[in-house]
Amino acid sequence: MWYNRISEYLLKERYKNDSICPYIFIKRSGSEFVIIVVYVDDLNIIGTCKELSKVVECLKKEFEMKDLGKTKFCLSLQIEHVTNGIFVHQPTYIEKILKQFYMDSTSIEYPMVVRSLDLNKDPFRPQVNDKELVDDETPYLNAIGH
């Protein structure tokens, strides 16, 4: 019901609804723009300064809401606001996966693996007598990180 209500309001306010991602609403006015992403009962609002302040005021008049400030965490992504943009990374997700596969010990280092383009010199190449790296009991999606 919430999505229907917010969707109806935004379409009335001349936002365009993305046909591929129906939870995204976009409004452009010259070089100004606003993008509203609806996720359950939260809104992520992105846009130019002038339009951001206008849309927040309009939404506050229509809906009971509070501004939680800049998004810091969304869908397992950590979002850091830096001087010239944003930095998006997934430390929490990475730690969860490492823990799931018993690789979360702080005493273990995970250096970057340097591979050789010469297959005969690559110490990580599959060997003829290698056992399976992933056994039959490891769920496929877990092994590839989904």
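## A four-stranded sheet and two salt bridges

In strand E3, isoleucine 35 is the bridge partner of isoleucine 26, and this pairing is a convenient place to start reading what is a predicted model. A second bridge partnership involving strand E3 links isoleucine 24 with valine 37. Strand E2 covers residues 24–29 and strand E3 covers residues 32–39, and the two run in the antiparallel sense with 6 bridges between them. They form a hairpin with 2 residues between the strands, and in its turn glycine 30 has a positive phi of about 65 degrees.

Strand E2 also pairs with strand E1, again in the antiparallel sense, here over 2 bridges. Asparagine 17 has phenylalanine 25 of strand E2 as its bridge partner, and a hairpin of 6 residues leads from E1 to E2. Taken together, these pairings belong to an open sheet of 4 strands, which has the order E1-E2-E3-E4 and antiparallel pairing. Its edges are strand E1, at residues 16–17, and strand E4, at residues 42–47, each of which pairs on one side only. As a general matter, strands of a sheet pair through backbone hydrogen bonds, in either a parallel or an antiparallel manner.

### The chain as a whole

The sheet is one part of a protein chain whose secondary structure comes to 4 helices and 7 strands. Read from the N terminus, the elements follow the order α-β-β-β-β-α-β-β-β-α-α. The protein chain has 146 residues, of which 14% are buried. About 12500 Å² of the protein chain is exposed, with carbon and sulfur atoms supplying 57% of that area. Among contacts between residues at least 6 apart in sequence, 22% join residues that are at least 24 apart.

### Salt bridges

Side chains of opposite charge can pair when their charged atoms come close. In this model the count comes to 2 salt bridges, and the table sets out the two pairs with their N to O distances.

| Acidic residue | Basic residue | Distance, N to O |
|---|---|---|
| glutamate 62 | arginine 5 | 2.6 Å |
| glutamate 51 | lysine 54 | 3.1 Å |

What does the salt bridge between glutamate 62 and arginine 5 tie together? Glutamate 62 lies in helix H2, at residues 49–62, while arginine 5 lies in helix H1, at residues 2–12, so the pair ties together parts that are 57 residues apart in sequence. Glutamate 62 counts as partly exposed because its relative accessibility is 32%, and arginine 5, at 34% relative accessibility, likewise counts as partly exposed.

The pair formed by glutamate 51 and lysine 54 is placed within helix H2, where the residues are 3 apart and are therefore separated by about one helical turn. Is glutamate 51 buried or exposed? Its relative accessible area is 8%, so glutamate 51 is buried, since the cut-off for being buried is under 20% relative accessible area. Its partner lysine 54 has a relative accessibility of 43% and so counts as partly exposed. In this salt bridge, then, a buried glutamate 51 meets a partly exposed lysine 54.

Methods
Residues numbered from 1 in each chain as written. Predicted model: local features only at pLDDT ≥ 70, side-chain atom pairs only at ≥ 80, totals over all residues. Heavy atoms only, no water. Pairing = 2+ DSSP bridges. Salt bridge = Lys/Arg side-chain N within 4 Å of Asp/Glu carboxyl O. Buried < 20%, exposed > 50% of the residue type's maximum accessible area, 1.4 Å probe, protein only. Contact = heavy atoms within 4.5 Å. Areas by Shrake-Rupley, 256 points an atom, 1.4 Å probe, with all protein chains shown as cover.
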